[in-house]
Amino acid sequence: MPDGSVLPNTDTLPDIDSFFQPTHNEVARQSFVSALRKHVLVDKLNEMHDVYETKKKATFTKAKGHAPKTGDDVEAAMDGEMSYRVYSALRYNAQEMTWASVQDAVERNLPDMIELAKKAAAETPAGGSLRLNPNLEIPRYVSAVDVHLIPGCFHNEYTADDVAQGAVVSFGGMVFSGALGWRLGMKGKFGAVGESVAYYLSQKYPNFKPRRILDIGTSSAKNLMPYAEVYPDAELYAIDVGAPLLRYGHAKAEASGIAVHFSQQNAEATDFPDGHFDLIVSSFFFHEIPVKSTKKILAECHRILSKGGMMAHMELPPRKNCDPYLNFYWDWDTLNNNEPSYSAFRASDPNELQAGAGFDRSTTYEITVPNRATFGDAKFAQFIKGEVPAPRHGQGGWYIFGATKS
Ligand SMILES: C[S@@+](CC[C@H](N)C(=O)[O-])C[C@H]1O[C@@H](n2cnc3c(N)ncnc32)[C@H](O)[C@@H]1O
């Protein structure tokens, strides 16, 4: 839709994504950034790993009298190493360039996106809703840093009814994953994690039919929407602290014909009644939350889950499940990507955190599930039967943890 256009006066809403119309040069820039990220996360990562295995591990072992035992040991072994410095510098810059590569196109069509989001909120053709709370106190772990280097983070608003951060996070996310095929979803429209975890739950627990599903730290609900296909009778709820993300997500859900009830809430203390949900999910959420707040959020999940209700949270695999080199690799973001809580979350045990929040320890679980789009449903069926393993998290699999409320 060209700049300055008026919305068509029809009963259907256009997809808010159709307002993102990068120029030829902007598309070229975005493709370059996607390719650069792939170059760093495949080629440069492999080069760095080779240097570690062939040189740095032995040097460390000789100096310390033992092989690296932790990610911090590997970090010490690699400190100053050129391949690590090149990898980090390129990865950091590619991260900054990701968001910058979409900002101009978002700004150009922002007025149209805002109008569409307002129309979606007024008309709600799919039957969802949007409840914002301008007085919500944004937690310091969101307001004090631009989390993973997104200028403006998740919550900042620069104009009335702003959706800009929703658009930047959404389109930046596509550039971020664009060349990493295994991160992509089946339809390219919604999130690969939601598609995979929803499908896993439906195949693993065919008798489980949640009436209400909540996604916490939803951003724009791209990883909640696939639950509408798997559980068509369920009501979908999505919370986040960032109003621009929720406005954006609500417009997208309404145009997609999916009823989602969005509300701006802190997951540490929500206004939902006790026992309201049968399923609570999240993705890429807890590693951004200080462990102290994670404990509060899990306790809140316990309160608002029904008896027999389940949780499934996709996250980074904890340190206890990874070898020292992988821990070094995963914890990179703590040092370089404005994600200060990342390592502390990975150092904790999700089973213990959930038990501490009131869940019976015998119901807690951890599993890596295949990415549905790349694994395929035939192999997925074999995975459910225990005949084939899932690919590792980060290589075509998604680590999830959860529990059931007794
Ligand atoms: C990395 S994003 C998650 C992305 C999203 N779940 C997805 O899969 O695309 C983390 C989200 O959590 C939200 N968030 C952080 N702290 C929160 C809290 N205490 N309560 C609710 N949402 C929170 C942030 O605003 C952000 O949108």
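Tutor: A polar contact is a pair of N or O atoms within 3.5 Å, and within protein one of them must be able to donate a hydrogen and the other to accept it, while residues adjacent in sequence count only if both atoms are side-chain atoms. The model is predicted, so that local features need pLDDT of at least 70 and side-chain atom pairs count only at pLDDT 80 or more, whereas totals for chains, interfaces and linings use all residues. Residues are numbered from 1 along each chain as its sequence is written, and side-chain values use heavy atoms, with hydrogens and water left out.

Student: What makes the pair of Gly217 and the ligand a polar contact?

Tutor: A polar backbone atom of Gly217 lies 2.8 Å from a nitrogen atom of the ligand, and because the limit is 3.5 Å, the pair counts as a polar contact. A backbone N or O atom of Ala267 is likewise 2.9 Å from a ligand nitrogen atom, and for a polar side-chain atom of Tyr141 the distance to a nitrogen atom of the ligand is 3.0 Å.

Student: How do you know how much of the ligand the protein buries?

Tutor: Accessible areas come from the Shrake-Rupley method with a 1.4 Å probe; taken alone, the ligand exposes 600 Å², and the protein buries 95% of that.

Student: Why is the link between Asp333 and Arg91 called a salt bridge?

Tutor: A salt bridge needs a side-chain nitrogen of Lys or Arg within 4 Å of a carboxyl oxygen of Asp or Glu. The closest N and O atoms of Asp333 and Arg91 are 3.5 Å apart, so the pair meets that rule.

Student: Which domains does the assignment give, and how many salt bridges cross their interface?

Tutor: The automatic or database domain assignment gives domain 1 (17-126) and domain 2 (169-402), and the rule finds 2 salt bridges across their interface, together with 7 residue pairs in polar contact, both residues at pLDDT 80 or more.
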